[in-house]
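Let's take a walk through this one together, starting at the ligand and then stepping back to the domains. Have a look at the picture first.

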Amino acid sequence: MKPIILTGDRPTGSLHLGHYVGSLKNRVAFQEDYRQFLIIADAQALTDHFERPEMVRDNVVQVALDYLAVGLDPGRNTCFVQSQVPALCELTSYLMNLVTVSRLQRNPTIKEEIKQKGFDESLPVGFFCYPVSQAADILAFNADAVPVGDDQNPMIEQTNEIARKFNSIYGGSYLKEVKAIVGSIGRLPGIDGKTKMSKSLGNAIFLKDSAEDLRRKVNLMFTDPNHIRVSDPGSIAGNVVFMFLDFFDSNVQELHELKQHYQKGGLGDGQLKKRLIEILDSLIAPIRHRRMQYESDIGYVRKVLEDGTREAREIASEKVAEVKRVMKLTYF
Ligand code: TRP
């Protein structure tokens, strides 16, 4: 039996190159050695987007399309919709008894998000408690591992605290502690050079972008403002095109020579951007192509979600039944 991974995304937009670098690429590799569950966390997305239900709903299918397009094989991955697995809600409500308000307030991830979103006095309880719901997602599937970005590590710690507390109170090993697989690759900046590529910052290159969109976005990237003539020496630091080449150009030797040439002078921004466009398009073109094929058969995509969700429901229900037995919630 393969070890289990649980991971997923909030459906608040279609996925972009930042997702590819930070998680999707790894997931494609993980599907060889792990049994992978992919949660499309629509209920979690509602915790801070409850006033935009259509947006969340529409993006469930968009995210599923992106999963299929990057090569996540439905035969080896179980892709499911969170809100359609009510056992996750049930488990969340029982686990909430084991978490204190002050512990949640100290969770660095949620603390930072509350600040960023400027919730102040209007913090929804649902949003505040999403780490507990996320722990339930993980624990319901007996996951062995969760791949995380560095900012999500506190979520894993919180999950394991809950598991340990549950097991020690009820005397058994009912909930399984999970390991974080911390990605080796860093965070992709946006096309504006800001530290994070994000749909809401408007600086993303989407996996579904056309060749034309891609070209336009790369051409918008800042290089070195002092590199005016081709013959001028250019600088690498803060040069967005080089930031991207560092992530995507697999020809390390050539890239190194290119950097030297640029710094010496004589290498134009246009040539540099052309190289980046070619490299990115060779990555995105097959994804875009597969995505279009699946888009023309949305019925199939829905079926993948439906089958995955049915399977997820069975597994999560068993876990909740066990938790209820242990908590003496059995009567008839
Ligand atoms: N928090 C994740 C995101 O923002 C989505 C998610 C929900 C998740 N439940 C999870 C990720 C459990 C890993 C494990 O995209």
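Helices (H or I, at least four residues) and strands (E, at least two) are DSSP runs here, numbered from the N terminus. With that in hand, look at strand S1 (4-9) and helix H8 (130-140): each supplies at least two residues of the shell around the ligand. S1 gives the most, with four residues.

A quick word on ground rules. This is a predicted model, where local features need pLDDT of at least 70 and side-chain atom pairs count only at pLDDT 80 or more, while totals for chains, interfaces and linings use all residues. Residues are numbered from 1 along each chain as its sequence is written, and side-chain values use heavy atoms, with hydrogens and water left out.

Now for the shell itself, meaning residues with a heavy atom within 4 Å of the ligand. Among its members are Leu-6, Asp-9, Ile-39, Ala-41 and Asp-137. Polar contacts (pairs of N or O atoms within 3.5 Å) turn up too. One ligand nitrogen atom sits 2.9 Å from an N or O atom in the side chain of Gln-44, and a ligand nitrogen atom is also 2.9 Å from an N or O atom in the Gln-134 side chain. The protein covers 86% of the 360 Å² of accessible area that the ligand has on its own (Shrake-Rupley method, 1.4 Å probe).

Next, step back to the whole chain. An automatic or database assignment sets the domain bounds, giving domain 1 (4-189 + 297-326) and domain 2 (211-292). Their centres, taken over C-alpha atoms, are 35 Å apart. Where do they meet? Contact, meaning heavy atoms within 4.5 Å, links 16 residues of domain 1 with 10 residues of domain 2.

Key: A polar contact is a pair of N or O atoms within 3.5 Å; within protein, one must be able to donate a hydrogen and the other to accept it, and residues adjacent in sequence count only if both atoms are side-chain atoms.
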